[in-house]
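Visitor: I would like to learn how to read a few features of a structure with some care. Could we go through them one at a time?

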Amino acid sequence: MPDTVSFQSVIDKSVSGLWTLVQNHLKFSLARDAQTASKRDWWLATSKAVQSVIIERMIATQGVHHQKNTRRVYYLSLEFLMGRLFSNSLYSAGLFEEMERALNELGFDVETLRLEEYDMALGNGGLGRLAACFLDSLATLDLPAIGYGIHYQYGLFKQEFRNGHQVELPDEWMKFGTPWEIVRPEHTTEIEIYGHVENIFDDRGSYVPRWTGTKKLIGIPYDIPIPGYGTNTVNYLRLWESKAGNDFDFEAFNRGGYAEAVHEKTTAETVSKVLYPNDQSDGGKELRLVQQYFFVACSLRDIFRRFRKDNKDSWADFPEKVVIQLNDTHPAVAIVELMRLFHDTYSMPWDTAWGIVTRTFAYTNHTLLPEALERWSVPLFQKVLPRHLQIILEINKRFLEQVESAYPGDVAKKRAMSIIEEGHVQHVRMANLSVVGCFSVNGVAAIHTQLVKSDLFPEFDAFYPRKFNNKTNGITPRRWLLACNPRLSHLITSKIGDGWQRDLDKLRGLEAFAADAQFQHDFMAVKHANKIGLAQLIKQYCNVSVNPAALFDVQIKRLHEYKRQHLNLLHILALYRRLLQNPDLDITPRVFVFAAKAAPGYALAKCIIKAINSVAAVINADTRIHDKLKVVFLPNYRVSLAQRIVPAADLSEQISTAGKEASGTGNMKLSLNGALTIGTLDGANVEIREEVGDENIFIFGMTVEEVSALVKKHYKPHEFYDADEELRACVDWVGSNYFTPDEPGCLNMLRDNLLHHDPYLCLADFRSYSDAHARVDLAFKDRAAWAKMAILNTARMGKFSSDRTIAEYARDIWKLEPVRV
């Protein structure tokens, strides 16, 4: 049973009380009055009023956690894709209805004010959004937790399209500040980087290494409270902003060196300036490593401060009070830093220190792509973290001795399992370090975990037979249904009552209404209303008019070859070509909706964006096809935009090459909101099919085993190109200058990749994909049958709540108990 402590609020949360609270914040926090206040002022005042309620609970929560000296999980992630916090904070604080009424009395509504908020875009894609969902679930389940990351001045980037090309602009989400964060200068932390290591004598006459000649960085923490839904628990996310150890060189200033005087300040602040600097250059790689070390080093010192406050220096109890979850390999250097602190700073014997370290960390793997597993060159590590490199080499030496003992003389085993990758330039393999240094390694979908064990880390799985486990990802229903789709939320509650927001399995109650004609009508009316809203947004962003009665076919996710947006494009071209050759062809009118950002240095991904935009421009202007096809690419994909697209989707494109997607969470969000999935047996699609049933999903393409067999036979894309006339025409068409007459040759890269490389087997899966879309077309024409399928998708998404995922982490990995306030 969870611990419970009585909490009594002193804030008046009635409509009149909230009205007064908002007015007071407008006047005393913002120095505005009702006559001069802008909409943004009212949003800020309302946010601060909500934050007052949340902070009251946060203080109570942290007091209880300190009083009980509770065990906590610390979630380390380089990304937290939080999005907007206004609506979710209102729901979690239990204030939504009362605040809506209070705002109505002031002449506003929640929806109008919500649009004043900038997305807190501290992430790139699924990794960061998952971290945000997990924080929500941790608080909702009353689990003591703190998230740690970086307080980026700029998010990933703001995306614009110019002549169809992606252009990256600064994402200045912090330009005017945010009402949700609290700066904590009293917990400012100092860390060191660069320098060199020298051996000195200690007080016992023994040589010991000393890291010296370093540069100092200051980490200033900003806290973002994370309220749980339906509970008083409020955890927080702590983000570190970098400052120079010495901001200003007054001597240099006095001699006229003004730029020199602030050089150290400028350099230091670069560390938290931007998410994911372009690491195509050596400077970009170095900055990224410094970023990773900066935030984990600050976080570990903060964890130490909190632990010592409650436990003094009883380090043997550290793993009993502290568990640290690494969200992918970005924070993996924390393993080495904790070892350095114990061994160097606190003079702990190596074996004792390593025993504590390996009982403290757990690691989540998020990728099966070998090129996505982080590797840092040994020379770079030597430059930035010289002492840490020494510790890594010692960890590796001792580990390989264990491998040798288990597999005498097996050089191949040692080569595969070594933390150091040999070659012309040696590299530190952060994934191998994570496996060696953590007590748990988990995948994020059943098929992904199996492939992690069988393909990615087979040697480690044999060596550590109980270390690997699965925790299928999930999403928070508070953001991805309650907040983003209020029409559907109200309809669901009218049928099955409240409670599903905290127990998503209760949606199973909708199955009883799946064949009910009136409920089908109401469900699809909600979908149509959401499509009208998205159609208006498309007109605003893309200046394209679309028909809400058409099938909305949606692919929204990071732009990467393995996610195969270009396979989707080939099918669009096939449909367009069929219509040109037969204008009377009876097909379901479709609106293809794309939204995605490509990494600035990823040339092919940016070429795919250009191709989609160029094809879209031609199709949308072609009157010969009578609006049966429309293609739009919404710019600047972000959480708030996803919250407009997801409720309006009819079809969810989850078409990655089998065996390449770790899990996917967009598939879950879309299915939860009544979209049907067209997808491969990859990632969480496999488990979604198990839940919704074969008859309520459109599966196509090769299986993992078939992909592997084809690759082993040396896949030749030209064979599929030669054998399929329609496919051949579409590949040639997109590679011609037909869609880009003003930029001849600009899509050659895409055609050449498909014909001569096609590493993710688009051509091999094209015909199966096209056939699956034919089944979609037929199914959508039967409105009652489609409505039933959509309802059953929503009803059977209970497994994919992040509450279930976090409960499994807490039970199986963290051994964490709820503490109620």
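Visitor: Which residues of β22 lie on one side of the strand and which on the other, and are they buried or exposed?

Guide: Bear in mind first that this is a predicted model. A residue is called buried when its relative accessible area is under 20%, and a strand is best read one face at a time. In β22, Arg590, Phe592 and Phe594 lie on one side while Val591, Val593 and Ala595 lie on the other, and as all of them are buried, both faces are covered. Because six of the six residues of this strand, residues 590-595, are buried, β22 is largely enclosed by the rest of the structure.

Visitor: Which strand is joined to β22, and by how many bridges?

Guide: Pairing is read from the bridges and from the direction of the strands. Here β21, residues 551-556, is joined to β22 by six bridges, and the two run parallel; within this pairing, Leu551 stands opposite Arg590.

Visitor: How many aromatic pairs does a search of the whole structure find, and what is the geometry of the pair formed by Trp733 and Tyr738?

Guide: The search finds 37 aromatic pairs, and each is read from a distance and an angle. Trp733 and Tyr738 are 5.6 Å apart, centre to centre, with 50° between the planes, and their pair is tilted, because stacked planes would be under 30 degrees apart and edge-to-face planes over 60. The two partners can also be read by accessibility: Trp733 is buried, with a relative accessible area of 15%, whereas Tyr738, at 42%, counts as partly exposed.

Visitor: Which residues are linked into a cluster by ring pairs, and which lysine lies over the face of Tyr407?

Guide: Ring pairs link Phe399, Tyr407, Phe457, Phe460, Phe463, Tyr464 and Phe468 into a cluster. Over the face of Tyr407 lies Lys413, at 4.9 Å from the ring centre. Elsewhere, the charged end of Lys215 sits over the ring of Tyr194, 5.7 Å from its centre.

Visitor: What is the volume of the second largest pocket, and which residues are closest to its centre?

Guide: A pocket is read by its volume and then by its lining. The second largest pocket has a volume of about 1,000 Å³, and of the 36 residues that line it, Tyr91, Phe96, Leu482, Ala483 and Pro486 are the closest to its centre. Among the elements that give two or more residues to this lining are α3, α4, α20 and α21, while α22 gives the most, with six. By residue class, the lining divides into 13 nonpolar, 13 polar and ten charged residues.

Note on methods:
Residues are numbered from 1 along each chain as its sequence is written. This is a predicted model: local features need pLDDT of at least 70, side-chain atom pairs count only at pLDDT 80 or more; totals for chains, interfaces and linings use all residues. Side-chain values use heavy atoms; hydrogens and water are left out. On a 1 Å grid over the protein atoms alone, a cavity is a set of points where a 1.4 Å probe fits but cannot get out, and a pocket is an open set with protein on both sides within 12 Å along at least five of seven lines; lining residues have an atom within 4 Å of a point. Grid points are joined across faces, edges and corners, and a volume is the space filled by probe spheres set on the points. Helices (H or I, at least four residues) and strands (E, at least two) are DSSP runs, numbered from the N terminus. Ala, Val, Leu, Ile, Met, Phe, Trp, Tyr, Cys and Pro count as nonpolar, Asp, Glu, Lys and Arg as charged, and the others, Gly among them, as polar. Rings of Phe, Tyr and Trp (its six-membered ring) pair if their centres lie within 6.5 Å; planes under 30 degrees apart count as stacked, over 60 as edge-to-face and the rest as tilted. Buried means under 20% relative accessible area, exposed over 50%, partly exposed in between (1.4 Å probe, protein chains only). A charge sits over a ring if NZ of Lys or CZ of Arg is within 6 Å of the ring centre and within 35 degrees of the ring normal. Two strands pair if DSSP finds at least two bridges between them.
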